[in-house]
Amino acid sequence: MTAPEVQLSLDGIRKSFPGKGGPVPVLDGLTFDIYERDFVSIIGPSGCGKTTVFNVIAGLLEPDSGTMTFRGEVVPGLQGRVGYMMQKDLLFPWRTVLQNVMLGLEMKGVDRAQALDTAREYLSTFGLSGFENAYPKMLSGGMRQRTALIRTLIMDPDILLLDEPFSALDYQTRLYLEGVLLDAVETFHKTVVLVTHDIDEAVALSKRVVVLGNRPTKVKSVHEIGLDARSPIGARSDPRFSDYFQTLCGELEIQTRQRAA
Amino acid sequence: MASQALKTSQPSNPSQIPTTAQTPKASARTARKSAVRPRAKPGAVARAADTMLGRGIIQLLAVAVFFLAWEVAVRAGWLTEFLVGAPSGIWRVFLASMRDGSLPVDTWYTVIEAIIGFLIGTLMGSVAGLGLWYSAFVARLVEPFIVAINSVPKIALAPIVILWFGTGFVSKVALAVSLTALVALIAAYQAARDADPDLQALLASMGASKNRVFKSVIVPSTLPAIIGMFRINIGFALVGAVVGEFISSQRGLGHLIYSASSLYDLNTVWVGLFVLMFVGFLLYHVIDFAERRILPWRQVITTGQVQV
Ligand SMILES: Nc1ncnc2c1ncn2[C@@H]1O[C@H](COP(=O)(O)OP(=O)(O)OP(=O)(O)O)[C@@H](O)[C@H]1O
Ligand SMILES: [Mg+2]
């Protein structure tokens, strides 16, 4: 078996934020690789710096030190190459669903008629047809997150950065959208990096799980997930599922005890 | 249509979805609703009158009562007509000045001065305020100057403005500009600074340039505040025009009011004031109308929202 090709590699990324008593280190030399067509989940205690990692990858924050290499080339950030779905469903309130979804295509300068076609197609796939002209205010939480997800997928980025995309949803919708995401990733051959606080979700969806430690954060461990189920529900019924789940729970539990001490 | 589209968006294979959790909650909700409905709600009378027509009738009634009381008080001798005027006298002056054409002309002058002053001042101020978003450095640099200039009561500038721009039309416009420009600048700058940083970050992650962020985030997200400021500025522009006319002018509602009051012609003063009031009211609603057209996303149905 050939070794998977590395798409993005982070090497010794450090980042601190200014605090009252001097700089507060958040990322403390973060090193990990993301392969082509990978599905990596990042889990870690709350406030450990998961969103910060994404901001660094997306080129919104400059790391204090460390390098990022994208397909063999050292880059400062991946602006324009990532589809970043932020932790809150960030829709433009003055744009309709259709206009929100088309944002990325506008940015890329895609021909308008073609962009419209693509957007309509995605909206119907995600069960949002009929809501093209609705404003975000009028949508339910799940519909908003679906719109944000479409906006991220439709840009056809090299890497999808999804920051707790389903955290605000009920279990039902969540299972459904996990399935939709897996299908979309499968169809369009995307690389996905998913931040989640839900171990269950991480195991069910990912090929690999990166566990981060407490702040200042380092990579604690990386776990390969060997489930090859095609659906999030299938994965959850795999007999090995609970083993992975237990292992990852164990990793995070040790940290909570350490914090208490 | 909405419910239909919602249905198609449901999970495609319901057999695998845990549905039991949903049922008790849903039935509890309907139970609560039906328990509340039969009870007569407090404030039912107020709600029944709270329609366009209902409100209009009440408002007209209030105005009628006010003028009636005023007229009665003057006729009964409780108020001196010499000092407060009287509705019947006001009406007579109004008709006469409409007939000889002087009132429409005066009104026209004041309105045009105010509108031109409003447009120039608001436009310049808004553009400058939004422009400051581009450079935090420049913004911090000019901030103390803006604060200093803004703390001068602009009306105090009126004599200088008259000296510089003469006693005609231009000086009134200039005064209106001086009253509106800084308000617009501060409002626009504040709104631009408050624009959601996450939306800006999102666009940046898509590789957007600063100009693009300005166009796609800053301008649309500041529009509500800027249009809100229009309402304040239309009033200020009228103040500028009228004060300019007070000081030196041959025309305009300010001139009308000022010269009439020096002759103790209270009824004419009231005509000027009421026309001003009416003009301000009208312009306010023009802006309201524009707002509804420009910001459709803010108009999304408010029915079904929680009433506190
Ligand atoms: N712009 C900033 N300025 C100062 N401190 C920041 C900034 N952004 C993040 N931090 C700090 O960095 C730490 C990590 O934040 P981050 O948002 O990356 O956490 P997270 O792992 O995403 O948390 P959660 O799971 O709650 O989303 C937090 O302590 C936060 O206070
Ligand atoms: Mg986060």
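B:Arg292 has a relative accessible area of 45%, which makes this residue partly exposed. B:Arg292 pairs with B:Asp288 in a salt bridge. The model is predicted. Over all chains it holds 23 salt bridges, and a search of the whole structure finds zero disulfides. Chain B has helices but zero strands. Chain A is divided into two domains, domain 1 and domain 2.

**Chain B: overall build**

- Chain B has 14 helices and zero strands.
- From the N terminus on, the order of elements in chain B is α-α-α-α-α-α-α-α-α-α-α-α-α-α.
- Chain B has 308 residues, and 36% of them count as buried.
- About 18,900 Å² of chain B is exposed, with 70% of that area supplied by carbon and sulfur atoms.
- Take the contacts in chain B between residues at least 6 apart in sequence: 71% of them join residues at least 24 apart.

**Chain B: a nonpolar surface patch**

- Nine side chains are not listed here in full, but B:Ile116, B:Met124, B:Trp164 and B:Phe169 are among those that form a nonpolar patch on the surface.
- Together, the patch residues have about 910 Å² of accessible area.
- Three elements of chain B give two or more residues to the patch: α7 (102-131), α9 (158-165) and α10 (169-194).
- α9(B) gives the most, with four residues.
- B:Phe169, a patch member, lies in helix α10 of chain B.
- The relative accessibility of B:Phe169 is 33%, so this residue counts as partly exposed.

**Chain B: helix α14**

- The salt bridge between B:Asp288 and B:Arg292 has its closest N and O atoms 3.9 Å apart.
- Both partners sit in helix α14 (residues 266-294) of chain B; because they are four residues apart there, about one helical turn separates them.
- B:Val269 also lies in helix α14 of chain B.
- B:Val269 is buried, because its relative accessible area is 9%, under the 20% cut-off.
- Leaving out residues up to four places away in sequence, B:Val269 touches B:Ile257, B:Ala260 and B:Ser261.
- B:Ser135 is 134 residues from B:Val269 in sequence, and their C-alpha atoms are 49 Å apart in space.

**Chain A: domains**

- Domain 1 of chain A is made of 1-81 + 159-173 + 184-261, and domain 2 covers 91-156.
- The contact between them takes 10 residues from domain 1 of chain A and eight residues from domain 2 of chain A.
- Taken over C-alpha atoms, the centres of domain 1 and domain 2 of chain A are 26 Å apart.

**Chain A: salt bridges**

- A:Glu106 and A:Arg95 form a salt bridge, with 3.0 Å between the closest N and O atoms.
- This pair links distant parts of the chain, 11 residues apart: A:Glu106 is in helix α2 (residues 97-108) of chain A, and A:Arg95 is in the loop between β6 (82-85) and α2 of chain A.
- A:Glu106 is partly exposed, because its relative accessible area is 28%.
- A:Arg95 has 10% relative accessibility and therefore counts as buried.
- A second salt bridge joins the side chains of A:Glu251 and A:Lys220, at 3.8 Å from N to O.
- This pair too links distant parts of the chain, here 31 residues apart: A:Glu251 is in helix α8 (residues 241-260) of chain A, and A:Lys220 is in strand β10 (residues 219-224) of chain A.
- A:Glu251 is buried, with a relative accessible area of 15%, whereas A:Lys220 counts as partly exposed at 36% relative accessibility.
- A network of salt bridges links A:Arg174, A:Glu178, A:Asp198, A:Asp200, A:Glu201 and A:Arg236.

**Cysteines**

- A disulfide is a covalent bond between the sulfur atoms of two cysteines.
- The search of the whole structure finds zero disulfides over all chains.
- A:Cys48 is in no disulfide, and the nearest cysteine sulfur, in A:Cys249, is 16 Å away.
- From the other side, the closest cysteine sulfur to that of A:Cys249 is in A:Cys48; at 16 Å it is too far for a bond, because a disulfide needs sulfur atoms within 2.5 Å.
- A:Cys48 counts as buried, at 1% relative accessibility.
- A:Cys249 is partly exposed, with a relative accessible area of 24%.

Conventions:
Residues numbered from 1 in each chain as written. Chains lettered and ligands numbered in written order. Predicted model: local features only at pLDDT ≥ 70, side-chain atom pairs only at ≥ 80, totals over all residues. Heavy atoms only, no water. Patch = residues over 30% accessible without salt bridge, like charges linked within 9 Å, V, L, I, M, F, W, Y side chains within 5 Å. Areas by Shrake-Rupley, 256 points an atom, 1.4 Å probe, with all protein chains shown as cover. Salt bridge = Lys/Arg side-chain N within 4 Å of Asp/Glu carboxyl O. Buried < 20%, exposed > 50% of the residue type's maximum accessible area, 1.4 Å probe, protein only. Domains from an automatic or database assignment. Contact = heavy atoms within 4.5 Å.
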